[in-house]
Each structure stands twice: as C-alpha cells, then as structure tokens.
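Me: Hey, can you walk me through this one? I'd like to start with the ligand.

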Amino acid sequence: MNKSANFSNIHKFYDLINSLLTLGFDKSWRRQAARNLKPGNVLDLGSGTGASYEDLKRFDVVALDPDENMLSLNKFQNKVVGMGENLPFDNNYFDNIFCCFVLRNVDNIEKTFNEVSRVLKKDGKFILLDMSRPRNNILKQFHKIGTYIVMHLIGLITFNLKEYRFLHFSLDKLPPPEELLVDINLEKKMLKRIGLFGFVYLGVFENQNLITD
Ligand SMILES: C[S@@+](CC[C@H](N)C(=O)[O-])C[C@H]1O[C@@H](n2cnc3c(N)ncnc32)[C@H](O)[C@@H]1O
C-alpha cells in the first residue's frame, strides 16, 4: 500500500469524514455507479470499511483491501486482505469489479489495470468512481484552495494531519481521467464527470480479453 496513505490511522472516522467532505453525495455517487453492474459476482476493490455495502449487498461480493483495520469495520462476509496490483484470484473469475475512491491510492496503476483485466471475465465490467479536479482552470484553483483548507482543518481536528494532507495532494497525483484512462486494456463504455464542478468522475469499462492458460 502507498506509505503516505495510512488509512489505519483514520479508519474509525473514514465514513463520517467522507460524508462530510462530499456533503453526503458519496452515497448517491456510489449508488449511481452500482447501477452499471451486470448480474453475477463482484469484486469490491479497495472496499475499505464497506461503504458500498448497501449498493452491493444483493450481489455475491468479495471485499478486498490491504488495510485490515479498514476491513475490520466492513460488513461484507467474504473479505480478503490484498492489493489491486496483485489480485489473489484466478483468471476470468469476476463478472464485475467495483472500485470507488481507490485509484489515487494504488502505487502501480498499470499493474492494477492488468490485474483487473486478468481476473475479469470476458465482457465483465469495471466500474470506476473517483475524485479528480474540475476541468475548468478557475474552478480548479477554487477547488484546490477549498480542499487545502478543509483537509488541513479536519487533519488538525482529528490529529491526523499527515493522512488528510495526503488526501488533498492525491487529487493532483494523477492526470485527469480523460487522459489517464485512454490507453488501458479495457474498452471504455462511458466516462463522465459528476458532482459539484465535475470534480468526481464515473467510468464504465468492459473487458474484451479472454485469458486462456
Ligand atoms: C478512500 S478509501 C475508499 C474505500 C471505499 N471503496 C469507499 O468507497 O469508500 C481507499 C481504500 O483503498 C485502499 N487501498 C490503498 N491502496 C490500495 C491498493 N494498492 N489496492 C487496493 N486497495 C488499496 C485503502 O486501504 C482504502 O481502504
């Protein structure tokens, strides 16, 4: 796991802070993302405390996360400690992979996408929800100042300045999704901006590769 994002330190506050930061919209964004799932099983990649539980509970779910403290609060029955870069599953195993607010935390995105494509069945779906920055330059600057102030404030109040500083800086860690998600080994079905000023994005991809061993 990325050493600068130690979710263990903030696992007890994670859901509350997430809801505060997104004014409760994170739930409706996850719900919107989950509408794109196809019938079958689901890997909740970077499941954390299981914030997707209500949206995924009707499916057969494996919740994977590297952080045991986050997983200790997770209500899914089938929980696995592991990382996106090295998924402990057979080829062509899942009908869906659901991945919310995780991509900025993985150390190796290319490896993670390769693993996603390997463990997804052919025509399996990869649903990706994450935060970025607004596309408009003025709004982007406003957003940067806003997240700087809010994240530092929460970090100071909860005595976890390092973790919340990371969450602020991680928003600039990756290129915008329109650039980042061009050359990946999954077929893009949809990529759209949502949320205030479009600082959140939702991507839906399909796996066209069948791995034969
Ligand atoms: C911001 S939380 C998101 C949790 C949950 N998916 C949600 O919707 O709220 C990010 C999660 O990604 C996990 N994570 C960090 N590095 C990871 C990696 N390399 N592979 C998979 N998950 C990772 C963290 O432990 C943390 O639980």
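Reply: Sure. A nitrogen atom of the ligand is 2.9 Å from a polar backbone atom of Gly 84. That fits the cut-off for a polar contact, a pair of N or O atoms within 3.5 Å. This is a predicted model, where local features need pLDDT of at least 70, side-chain atom pairs count only at pLDDT 80 or more, and totals for chains, interfaces and linings use all residues. Residues are numbered from 1 along each chain as its sequence is written, and side-chain values use heavy atoms, leaving out hydrogens and water.

Me: Which side chain has a polar atom 2.9 Å from an oxygen atom of the ligand?

Reply: That's Arg 30. Glu 85 also has a polar side-chain atom 2.9 Å from the ligand, but there the partner is a nitrogen atom.

Me: How much of the ligand does the protein bury?

Reply: 99% of the 590 Å² that the ligand exposes when taken alone. Those areas come from the Shrake-Rupley method with a 1.4 Å probe.

Me: What kinds of residues make up the shell around the ligand?

Reply: Eleven are nonpolar, six polar and four charged. Among the 21 residues around the ligand, Tyr 14, Arg 30, Gly 46, Asp 65 and Cys 100 come nearest; being near takes a heavy atom within 4 Å.

Me: New topic: how many disulfides are there?

Reply: Zero. A disulfide needs two cysteine sulfur atoms within 2.5 Å, and the sulfur nearest to that of Cys 99, from Cys 100, is 7.0 Å away.

Me: Is Cys 99 buried or exposed?

Reply: Cys 99 is buried, because its relative accessibility is 2%. Buried means under 20% relative accessible area, with a 1.4 Å probe and protein chains only. Cys 100, at 8%, counts as buried too.

Key
A polar contact is a pair of N or O atoms within 3.5 Å; within protein, one must be able to donate a hydrogen and the other to accept it, and residues adjacent in sequence count only if both atoms are side-chain atoms. Ala, Val, Leu, Ile, Met, Phe, Trp, Tyr, Cys and Pro count as nonpolar, Asp, Glu, Lys and Arg as charged, and the others, Gly among them, as polar. Buried means under 20% relative accessible area, exposed over 50%, partly exposed in between (1.4 Å probe, protein chains only).
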